[in-house]
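Please open the structure in a viewer and keep a selection tool at hand. The stops below say what to select and what is there.

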Amino acid sequence: MPHQSLGFLMHDATRLIRRRFEGKANELGLTTAQWRLLVYLKREGPLPQARLAELLEIEPISVSRLVDRMEEADWVLRKPDPTDRRVKLIHPSAKARNAFEDAREIADEIYAKALAGLTEETVEQVMTTLRHIIQNLSEESSLEVSEAKYDE
């Protein structure tokens with residue numbers, strides 16, 4: 001049954017989490033894509049748009065439009081890279097830094113709802129399993145890149 005496959009189950013869970021977040025984060029004026037961008041900026045510091053495109057797994061032109069909208073709404077600032085004047089780094093604004101904890105609380109509420117009724121051990125097993133799946137697929141991706149280099 002296709003709806004019972006790993007891919008369908010993970011997609012449905014992700015879609016529902018995203019939909020819940022967007023519904024609640026709408027009060028802050030954030031979409032899921034904007035939230036993810038802010039999370040990467042918080043984790044890694046100011047980043048060029050090209051790196052954000054890689055992390056968000058979207059086309060650079062889409063990141064440019066996303067950053068444009070976020071800059072207009074005062075979520076981010078573009079500043080020159082001190083080491084390469086051709087590059088602009090994306091920084092979170094004061095508004096973003098102030099709203100981060102509110103958005104984090106929204107995400108935590110949704111995760112708690114998603115995991116309700118599961119024991120701590122089960123939650124840890126789910127997290128471990130997902131990390132393992134990610135690692136397996138990340139390693140395969142690295143192998144595919146390596147194999148492609150040898151095929152040239």
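**Stop one: a charged pair**

Select Arg78 and Glu71: the two form a salt bridge, with 2.6 Å between the closest N and O atoms. Bear in mind throughout that this is a predicted model. Are these two residues buried, partly exposed or exposed? Arg78 has a relative accessibility of 23%, so it counts as partly exposed. Glu71 has a relative accessible area of 32% and is partly exposed because that value lies between the 20% and 50% cut-offs.

**Stop two: a pair within a helix**

Next, select residues 94-115, which make up helix H5. Inside helix H5, pick out Arg104 and Asp108, which are four residues apart, or about one turn of the helix. How far apart are the closest N and O atoms of this salt bridge? For Arg104 and Asp108 the distance is 3.2 Å. Arg104, at 27% relative accessibility, counts as partly exposed, and Asp108 counts as partly exposed at 40%.

**Stop three: another bridge, then a network**

Move on to Arg131 and Glu124. Their closest N and O atoms are 3.8 Å apart, and the two residues form a salt bridge; the distance qualifies because the cut-off is 4 Å. Arg131 is partly exposed at 48% relative accessibility, and Glu124 is partly exposed at 44%. Now return to Arg78 and Glu71 and add Asp68 to the selection: salt bridges with shared partners join Asp68, Glu71 and Arg78 into one network. In total, the count of salt bridges comes to eight. As background, side chains of opposite charge can pair when their charged atoms come close.

**Stop four: the rings**

Clear the selection and turn to aromatic side chains. Which residues do ring pairs link into a cluster? Select Phe21, Trp35 and Phe100 to see the cluster. A search of the whole structure finds two aromatic pairs.

**Stop five: charges over rings**

Keep Phe100 selected and add Lys42. The charged end of Lys42 sits over the ring of Phe100, at 4.8 Å from the ring centre. Phe100 therefore has two entries on this tour, as a member of the ring cluster and as the ring under Lys42, which counts because the cut-off for a charge over a ring is 6 Å from the centre and 35 degrees from the normal. For the last selection, take Lys95 and Trp75. Here the charged end of Lys95 sits over the Trp75 ring, 4.5 Å from its centre.

Notes: Residues are numbered from 1 along each chain as its sequence is written. This is a predicted model: local features need pLDDT of at least 70, side-chain atom pairs count only at pLDDT 80 or more; totals for chains, interfaces and linings use all residues. Side-chain values use heavy atoms; hydrogens and water are left out. Rings of Phe, Tyr and Trp (its six-membered ring) pair if their centres lie within 6.5 Å; planes under 30 degrees apart count as stacked, over 60 as edge-to-face and the rest as tilted. A salt bridge is a side-chain nitrogen of Lys or Arg within 4 Å of a carboxyl oxygen of Asp or Glu. Buried means under 20% relative accessible area, exposed over 50%, partly exposed in between (1.4 Å probe, protein chains only). Helices (H or I, at least four residues) and strands (E, at least two) are DSSP runs, numbered from the N terminus.
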